[in-house]
Every structure is written in C-alpha cells, then in structure tokens.
Amino acid sequence: MHPMRLVIDTNVLLSALLFPSGSLTWLRSAWQSGAVLPLAIHETTVELIRVLSYPKFRLTGHEREELLMDYLPWCETVTVPEPPPVPECRDPHDRPFLELALAGRADALVTGDRDILVLSSDFSVPILTPKSLKDRLMLPESTD
C-alpha cells in the first residue's frame, strides 16, 4: 500500500513538531512510520524555516535544526516548473500550498486555515482538517 501523499500547511506542521504531547502528535508518527508522505517545495520549506524563527517560539538554531530534521527527511521534494492555476485565495502565502498539492499530485491538503478550507469546493485536491485526515487514516482517537 502506498502512503497518502500530503501537503501539510505550516500551522499544522508547527503543532505536530512543537508540541510533542499535543493533539497532532499522531501526524508526526504517521510521516515517520511511512503511513503518509509529506510533500514539499522550496517555498513551503522556506515558510516553515521562517516561522520556526519567530521569537515567540524561543527556539535556538540547534532546536530549529532538530525540528527540521524530524520532518524534512520524510518529505518528497516536488519541482513545480510552471505553477498550475489555483483558485484565488485571500492570503498570498497560501498559494504555494495549493500549487504544491496540484503539482505533487497530493491525495490531500491538510490545514486548519479557514482561508484554504473555504476553497475546498473549488479545488480538485481534497482539503482536509487534521481531524478529517485522522478519520480517513482510521487512527484511534487519542486520550489527550
């Protein structure tokens, strides 16, 4: 069985990476076990690195590097030679995630971002919340 190819937005990734006892710990385990295959492009990786540097997280350079090493080696890097047409989105920072989902032939784009979620009826790739993804993967509910 092939892993589910996913585009995971930055906020979902942050929750999975920064909060080891949080509600999205299962997602980190899912990519590390090979149940899902995260997709990445230069723009989404740069965004993750930028956000991990926010002062509010108080991460050292070494801690940021460790978090990236808990994610990036599990990703498939996608090349987007010509960005595909995507629905208009309110936040221009969301556009690369939509383009990656199409170019990378993702099975789903996982987000909690309302600006992306509202596009689900206009987008050919399923847009799922983390809970919807967990339900699709048929993972047990956590006791957190």
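**Strand β1, the sheet, the cores and the voids**

Tutor: This is a predicted model. Met 4, Leu 6 and Ile 8 point one way from β1, Arg 5 and Val 7 point the other way, and all are buried.

Student: What makes β1 mostly covered?

Tutor: Buried means under 20% relative accessible area. In β1, 5 of its 5 residues are buried, so the strand counts as mostly covered.

Student: How do you know that β1 pairs with β2, and which way do the two run?

Tutor: Two strands pair if there are at least two bridges between them. β1 and β2 are joined by 3 bridges and run parallel, so the condition is met. Within this pair, Met 4 stands opposite Val 36 in β2.

Student: How many bridges join β1 to β4?

Tutor: There are 3 bridges, and β1 and β4 run parallel. Ala 108 in β4 is the bridge partner of Leu 6. The cut-off is at least two bridges, so β1 and β4 pair as well.

Student: What joins β2 to β3?

Tutor: β2 and β3 run parallel and are joined by 2 bridges. Pairing needs at least two, so this count suffices. Leu 39 has Glu 76 in β3 as its bridge partner.

Student: What is the strand order in the sheet?

Tutor: The sheet is open, with 5 strands in the order β3-β2-β1-β4-β5 and parallel pairing.

Student: Why is one side of β3 and of β5 left without a neighbour in the sheet?

Tutor: β3 (76–77) and β5 (127–128) are at the edges, and each has a single partner strand, so one side of each lacks a neighbour in the sheet.

Student: Which residues touch the most other members of the largest nonpolar core?

Tutor: They are Leu 6, Leu 27, Trp 31, Leu 52 and Leu 133, out of 28 residues in that core. At least two residues come from each of β1 (4–8), α1 (10–18), α2 (25–33), β2 (36–40), α3 (42–52), α4 (61–69) and β4 (108–110). α1 gives the most, with 6 residues.

Student: What does Leu 6 touch, not counting residues up to four places away in sequence?

Tutor: Leu 6 touches Val 36, Leu 37, Pro 38, Leu 39, Ala 108, Val 110 and Leu 133, with those sequence neighbours left out. Contact here means heavy atoms within 4.5 Å. Apart from the largest core lies another core, of 17 residues, among them Ile 41, Leu 98, Leu 119 and Ile 127.

Student: What makes the one void found by the search of the whole structure a cavity?

Tutor: In a cavity a 1.4 Å probe fits but cannot get out. The search finds 1 cavity of 30 Å³ or more. The largest cavity has a volume of about 60 Å³, so it passes that threshold.

Student: Which elements give two or more residues to the lining of the largest cavity?

Tutor: These are β1, β2, α3 and α5 (95–103). α3 supplies the largest share, 3 residues. The lining includes Val 7, Ile 8, Leu 39, Thr 44 and Phe 97. By class, the lining divides into 10 nonpolar, 2 polar and no charged residues.

Student: How is the lining of the largest pocket divided by class?

Tutor: The lining of the largest pocket has 5 nonpolar, 3 polar and 7 charged residues. The volume of the largest pocket is about 240 Å³. Of its 15 lining residues, Thr 10, Asn 11, Glu 47, Val 51 and Asp 91 are the closest to the centre. α1 and α3 each supply at least two residues of the lining of this pocket.

Notes:
Residues numbered from 1 in each chain as written. Predicted model: local features only at pLDDT ≥ 70, side-chain atom pairs only at ≥ 80, totals over all residues. Heavy atoms only, no water. Core = buried A, V, L, I, M, F, W, Y, C linked by side-chain atoms within 4.5 Å. Buried < 20%, exposed > 50% of the residue type's maximum accessible area, 1.4 Å probe, protein only. Helix = DSSP H or I, 4+ residues; strand = E, 2+ residues; numbered from the N terminus. 1 Å grid on protein atoms, 1.4 Å probe; cavity = no way out; pocket = protein on both sides within 12 Å on 5 of 7 lines; lining within 4 Å. Points joined across faces, edges and corners; volume = space filled by probe spheres on them. Nonpolar A, V, L, I, M, F, W, Y, C, P; charged D, E, K, R; others polar.
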